[in-house]
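Student: I keep seeing labels such as "buried" and "salt bridge" on structures. Can we go through one and check where such labels come from?

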Amino acid sequence: MINFDVLLQSIFLVLDWKVLASCFAGVVWGMFVGVTPGLTGIMAVVIALPLTYFMDPQSAIALLLGIYVTAIYGGSVTAIMIATPGTPNAAATVLDGYPLARQGKARQALEMALYASFVAGMLSTVVALVIFPVVATFALKFGAPEIFAVIVFSITIIAGVSGDSLLKGLIAATFGFLIAMIGQDPIHGSSRFTFGVHDFQAGMHILTLLVGLFTIPEIILRGVEAFKARDTVSVGEMGPALSFRQFASYWPTYLRSTTGGSLLGALPGLGGSPAAFLGYFLAQRFSKKPEEFGHGSLEGVAGAEAGNNSVCGPALVPMMSLGIPGDTTTAVLMGALVIHGLNPGPMLFESSPEFIYSVFLLLFVALIFLLIVGSGVIHMAKWVVRLPTHILFPVVLILATYGTYAVRGTMVDVMSMYAVGFLGFLLRIQKIPAAPFAIAFILGPLFENELRKSMIISGGSVDIFFSSTIAVTFLGLAGLSAGVTVYLHWRLRGTNAAKMISD
Amino acid sequence: MFGLVGYFVFIPMAVYVPEQFVGTGNSPAFLPKVMFILLGVLSALYLGQSLIVYKREAQQGHVRTSDWLLAGGTALICIGFIIAIHIVGMTVGAGLTVAITIFYFGERRPLVIAGIAIILPLLLWYFFVKIAHILFPSSWLGLMDWLEAARPAISWFA
């Protein structure tokens, strides 16, 4: 159950002006990135990560949550205006948003997307706030073998983010595990793969890897492409505003799509894109006018946007309570917390419950800021979609370099970042996904640490993993999750659905 | 190939294993060995798969030569930036890199290019060096280092 005393304390934490200002800045930056085709939500979070070094943990997470929540909605602006999803999560919004814009109803589509995002975000965060303490209390019973089993389960999310080839996802994950091993061995402190470079003793910094993996390949591949695409922008009239009656008539759609999206959000590895398509599918399935879908249906926009925004709150539940990231962006958020000395998981709930509650409260704050900033963006949408990405990408390149250098003040990090960037570029042109790489890098040290601790406790016997009900349950779930994902991969192989989800 | 090199070259060369843990599951080299074997097996499978679908992929021709050249050019600019940092320092290197990249991406207005190439690195220099107190790496021709060193003299003249 929710501890209301702690909840009250966390309200005071959130109401600090620095925290609120950071959250607002995150919302503005997230919106900016969201409306810029080619810049993804994860890039927005990664680029902002170095700034959080100079902040207290509360302000840092406020900034990142603001970005996380807003980038999802921001992607729908370009999806509706120019049929180019700003982020992959907005892919389903294009289906009805762009036809509405072509019919001169761009403003209605944008407002519907904003309000549906807001409502779904609020509802799903309430659900997350209620179920979180139950999960976290249960997680307090975990020792090394149980945590190892949970990590094995969470590693199966790699299969979920592997796109249309599980084999490529596994290759990427193996690279991630290997790069995570650079530095000192977690148990004995022996050097591994440092090749005599002193700066490698502490391992590759998480930020170095994330910036290299997500930002550099994007700049190399998309910079010129984005400039070419800029010339094709065509925007019609904005049209009339959305009436309250129109908005209120889709309540059942918001609820259905939010329920579907929340369930997907709480499962590891699925993220916003499938949730958006599920929300869209549910809206169409129960609509009185299903024939309008795909030709400019406000209900379609509502379903897709409610679906993808309802992921945010529930995706934080497994991350904060068990240390399992729900998707790639939450994996980066988890990395950010680790940077600030806060290890998500049951122990964090025990030691700093007010911090955990404040994270969920910050989601509410971010959604309110989203409503304010989003309303402003709708009025400027005609100009916003004309952002000069050919100038933006070089600026991002410089920010990425400065940010990486600032973390530890060493050029080795900058060079490592570019090396990982080029590796990421090579993987990308081979269509090997980056997300499994990053997730394996983040989970790899935890995996090794808990495995070896368990082996020391048991004197080298693997029976320890089968002596606890919790460990057996999670290992069973891991097997089930891997089996289901492999089966789905096999069934969807080569279809458009697999390509859309992987993109 | 990388898996084999890793297993037979990298691990013996770059992983220190205390004597009492040699050959045990608790050795620092145990998991790296597993990962390199896994990488070798997965890569072999990928190679086999690629050979089977090679014809189909080649027929699709999804990557054009011009795109390769454009991407390669951007990669070269990134490498040039690292070299520039060592020669002219972070601030001047960033200015040059921004100018070249913006030009390369299609911008032709000299005022826009020059404006961004001057203002952005100076803003970043002010934020990182003056506000966050982060020392930038020294360089052979570090212009900002010289200006910083010459500041007492400049203020004396002023």
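Tutor: Let's start with a definition: a salt bridge is a side-chain nitrogen of Lys or Arg within 4 Å of a carboxyl oxygen of Asp or Glu. Keep in mind that this is a predicted model.

Student: What makes Asp185(A) and Arg452(A) a salt bridge?

Tutor: Their side chains come to 2.5 Å, N to O, and the cut-off is 4 Å, so the pair passes. The two partners are 267 residues apart, with Asp185(A) in the loop between strand S1 (183-184) and S2 of chain A and Arg452(A) in helix H22 of chain A.

Student: Why is Asp185(A) called buried?

Tutor: Buried means under 20% relative accessible area. Asp185(A) has 3%, so the label fits. Arg452(A) is at 4%, so that residue counts as buried too.

Student: How do you know that Arg192(A) forms a salt bridge with Glu448(A)?

Tutor: Same style of check: the closest N and O atoms are 2.8 Å apart, and the limit is 4 Å, so we call it a salt bridge. Here strand S2 of chain A holds Arg192(A) and helix H22 of chain A holds Glu448(A), 256 residues apart. Both residues are buried.

Student: What about Glu107(B) and Arg109(B), and which of those is buried or partly exposed?

Tutor: Their closest N and O atoms are 2.7 Å apart, which makes a salt bridge. Glu107(B) is buried because its relative accessibility is 4%. Arg109(B) has 49%, and exposed means over 50%, so Arg109(B) stays partly exposed.

Student: Which residues do shared salt-bridge partners join into one network?

Tutor: Asp185(A), Arg192(A), Glu448(A) and Arg452(A). The count over all chains comes to 7 salt bridges.

Student: And how many salt bridges cross the interface of chain A and chain B?

Tutor: The rule finds 0 there. There are 3 residue pairs in polar contact between the two chains, though. The contact takes 52 residues from chain A and 60 residues from chain B, and the chains bury about 5000 Å² between them, 81% of it on carbon and sulfur atoms.

Student: Which helix gives the most to the side of chain A that touches chain B?

Tutor: H20(A), with 13 residues. That side of chain A divides into 34 nonpolar, 10 polar and 8 charged residues.

Student: What makes Thr101(B) buried, and what is it in contact with?

Tutor: Thr101(B) is at 1% relative accessibility and the line is drawn at 20%, so it counts as buried. Leaving aside neighbours within four places in sequence, Thr101(B) is in contact with Pro394(A), Leu397(A) and Ile77(B). Thr101(B) lies in helix H4 (residues 90-104) of chain B, and a polar atom of its side chain is 2.5 Å from the backbone oxygen of Thr97(B).

Student: Why is Tyr115(A) called partly exposed?

Tutor: Its relative accessibility is 26%, and partly exposed runs between 20% and 50%, so that is where Tyr115(A) falls. Tyr115(A) sits in helix H6 (residues 106-139) of chain A.

Student: Last one: why is there no disulfide for Cys312(A)?

Tutor: The closest cysteine sulfur, in Cys23(A), is 12 Å from the sulfur of Cys312(A). A disulfide needs the sulfur atoms within 2.5 Å, so that pair is too far for a bond. A search of the whole structure finds 0 disulfides over all chains.

Methods:
Residues numbered from 1 in each chain as written. Chains lettered and ligands numbered in written order. Predicted model: local features only at pLDDT ≥ 70, side-chain atom pairs only at ≥ 80, totals over all residues. Heavy atoms only, no water. Contact = heavy atoms within 4.5 Å. Buried area = accessible area lost by both parts, 1.4 Å probe. Polar contact = N/O pair within 3.5 Å; in protein donor to acceptor, adjacent residues only side chain to side chain. Helix = DSSP H or I, 4+ residues; strand = E, 2+ residues; numbered from the N terminus. Nonpolar A, V, L, I, M, F, W, Y, C, P; charged D, E, K, R; others polar. Buried < 20%, exposed > 50% of the residue type's maximum accessible area, 1.4 Å probe, protein only.
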